Amino acid sequence: MIYINTKDTSEVVSFRQATLNGLASQGGLYVPKSIPALETEWIDNIENYSDHDIGFHVMRQLIGTESLSDSELKQIVTETLAFDIPLVDLGDRVNVLELFHGPTLSFKDVGARFMSRCLGQFSNEDEVNVLVATSGDTGSAVASGFFGVEGVKVTILFPKGKVSKFQEYQMSSLGHNIIAVEVDGTFDDCQSLVKQAFQDIKLNKKYSLSSANSINVARLLPQSLYYFLAYKQMKQRGIAQEIVISVPSGNFGNITAGILAKKMGLPIKRFVAANNANDTFYQYIQTSNWQTKPSVQTISNAMDVGAPSNFDRILYFYNNDYQTICREISSQTYSDDETLKRMKSFYLAKNYVLDPHGAVGLLALEDHLNDSEQGIFLATAHPKKFESVVVHAIPGYPIELIDLNGCKKSLIANNYEAFVGVMGS
Ligand SMILES: *Cc1c(COP(=O)(O)O)cnc(C)c1O
């Protein structure tokens with residue numbers, strides 16, 4: 001399987017090289033040159049395969065045979081899908097895919113675990129330096145995924161005062177090959193610092209930089225797997241028809257992986273991109289204009305993205321066809337107030353606690369599901385990861401005390417020299 005650059009289709013690389021490079025040249029993203037089609041018979045029989053077999057089969061088609069042997073890929077898939085991904089029936093044709101049973105309690109564990117093991121496998125000579133900017137969940141999943149992986153050092157930049165205590169703990173308590181850097185700025189500032197580092201040719205030479213953001217193919221592709229696992233569970237229950245999936249979206253990596261699964265042949269009718277006040281994609285669907293903007297802070301902060309970086313991949317998968325995109329992806333945005341209200345009312349009605357991101361997914365599903373359809377929304381994080389918000393919506397929700405003593409982080413100004421300084425220390 002070869003990968004091409006969305007900005008320059010003459011740049012052709014292997015899966016291995018795409019993983020090591022992270023970002024393609026000219027700010028482009030890597031995408032599979034052609035999307036492999038899965039056999040209909042295999043999909044029709046999906047309930048007869050184990051989750052690990054499904055994972056292996058799908059990833060083998062996506063990454064080809066050049067970069068990893070069968071036994072290497074099997075091992076990586078087994079270690080990636082090392083926790084449950086249950087589909088829970090909540091009544092009224094609404095099902096939730098719980099993606100929060102991994103070690104850091106968000107769906108990002110899937111991509112981070114897969115990617116870290118690939119990089120460990122690919123980085124035989126030089127030490128690879130992974131840089132990642134995070135609004136919270138990416139950093140914790142990446143820290144946990146890479147912790148102790150030989151030959152890889154990870155530097156995580158997060159915005160001061162804008163991540164939850166739980167997330168800060170998960171990023172800064174591990175140490176060893178994981179370096180936590182708190183930036184006196186916003187998530188966008190963190191992302192700009194990382195972007196600047198990737199464009200810094202001298203720094204790249206010196207450190208052999210790689211990215212772990214959702215732009216990296218090795219993080220993006222395995223996220224397709226749980227769409228197959230959701231379908232398997234729908235089939236087991238005999239309700240695998242007219243499936244609509246609502247995805248709480250920020251950088252649009254998660255939903256892009258779902259679109260990829262659909263393009264490979266998984267029978268998903270359409271998607272709903274669920275957004276908070278950061279409504280760049282929603283506005284695109286309304287107007288056909290793509291107008292990025294600065295992010296605004298919300299209670300579902302992992303979705304506070306004003307310039308979703310996977311948009312170019314969506315355009316590529318749909319051949320830039322706005323009409324088809326509108327047919328297959330609808331979108332809706334919700335305020336914090338609406339989100340908090342639905343967290344509370346859903347808890348009272350169903351005794352089910354949602355985190356704010358999942359709640360946005362539920363809202364969008366409820367508003368977009370037709371009578372003939374079966375709905376799934378993705379619960380992207382465990383409520384306890386965002387407990388200060390959950391407690392606000394549901395008074396009495398039990399809070400865990402988190403002790404940040406003994407955690408290690410460097411605080412820097414929002415400044416490139418300061419950042420390069422910490423990397424070299
Ligand atoms: C990262 C994240 C999202 C957004 O996912 P994207 O792939 O960036 O669209 C949604 N919810 C949670 C809890 C997250 O951590």
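These legends walk you through several close-up views of a predicted model.

**View 1. A small antiparallel sheet of three strands.** Welcome to the open sheet whose strands come in the order E2-E1-E3, with antiparallel pairing. Its edge strands are E2, covering residues 8–13, and E3, covering 30–32, and each of them pairs on one side only. From one strand to the next, the twist averages 40 degrees. Strand E1, made of residues 3–5, pairs with E2 in the antiparallel sense over three bridges. To find your way along this pair, look for Asn5, which stands opposite Asp8 in E2.

**View 2. A parallel sheet of five strands.** Here the strands of an open sheet follow the order E9-E6-E7-E8-E14, and the pairing is parallel. Strand E9 (209–211) and E14 stand at the edges with a single partner strand each, so one side of each has no neighbour in the sheet. On average, neighbouring strands are turned by 30 degrees against each other, direction ignored. Three bridges link strand E6 (residues 128–133) with E9 in the parallel sense. One pair to look for is Val130 and its bridge partner in E9, Ser210.

**View 3. Helices packed on the five-stranded sheet.** Helix H6, spanning residues 137–146, lies across E6, strand E7 (152–159) and strand E8 (178–184). Relative to E7, helix H6 runs at about 165 degrees. Helix H19 packs on the sheet too, touching E6, E7, E8, E9 and E14. The direction of H19 makes about 155 degrees with that of E14.

**View 4. The nonpolar cores.** The largest nonpolar core holds 95 residues, and those that touch the most other members are Tyr3, Phe15, Phe146, Leu221, Tyr227, Phe228 and Ile329. Helix H11 (residues 225–236) gives the most to this core, with eight residues. A second, separate core has 29 residues, including Ile299, Phe346, Val360 and Leu365. Back in the largest core, take a moment with Phe146: leaving aside neighbours within four places in sequence, its contacts include Met115, Leu119, Val130, Val152, Val154, Ile178 and Ala212. Ser116 and Asn177 are also among the residues in contact with Phe146.

**View 5. Around the ligand.** There are 15 residues around the ligand, and Lys108, Asp137, Gly250, Asn251 and Thr380 come nearest. An N or O atom in the side chain of Lys108 is 2.5 Å from an oxygen atom of the ligand. A polar backbone atom of Asn251 is 2.8 Å from a ligand oxygen atom. Thr380 has a polar side-chain atom 2.8 Å from a nitrogen atom of the ligand.

**View 6. Gln167, a buried helix residue.** Gln167 sits in helix H7, residues 165–172. Gln167 counts as buried because its relative accessible area is 0%, under the 20% cut-off. Its side chain and that of Asp137 are joined by a polar contact of 2.7 Å. Not counting residues up to four places away in sequence, Gln167 touches Ser135, Gly136, Asp137, Ser140, Lys385 and Phe386.

**View 7. Asn415, a partly exposed loop residue.** Look for Asn415 in the loop between strand E14 (410–413) and helix H19 (416–424). Its relative accessible area is 32%, so Asn415 is partly exposed. At 2.9 Å, the side chain of Asn415 reaches the backbone nitrogen of Ala418. For a wider sense of place, Asn415 and Ala277 are 28 Å apart in space, C-alpha to C-alpha, and 138 residues apart in sequence.

Methods. Residues are numbered from 1 along each chain as its sequence is written. This is a predicted model: local features need pLDDT of at least 70, side-chain atom pairs count only at pLDDT 80 or more; totals for chains, interfaces and linings use all residues. Side-chain values use heavy atoms; hydrogens and water are left out. A nonpolar core is a set of buried Ala, Val, Leu, Ile, Met, Phe, Trp, Tyr and Cys residues joined through side-chain atoms within 4.5 Å. Buried means under 20% relative accessible area, exposed over 50%, partly exposed in between (1.4 Å probe, protein chains only). Helices (H or I, at least four residues) and strands (E, at least two) are DSSP runs, numbered from the N terminus. Contact means heavy atoms within 4.5 Å. Two strands pair if DSSP finds at least two bridges between them. Axes are lines fitted to C-alpha atoms, for helices over the stretch in contact, and angles run from 0 to 180 degrees between N-to-C directions. A residue is near a molecule or strand if one of its heavy atoms lies within 4 Å of it. A polar contact is a pair of N or O atoms within 3.5 Å; within protein, one must be able to donate a hydrogen and the other to accept it, and residues adjacent in sequence count only if both atoms are side-chain atoms.
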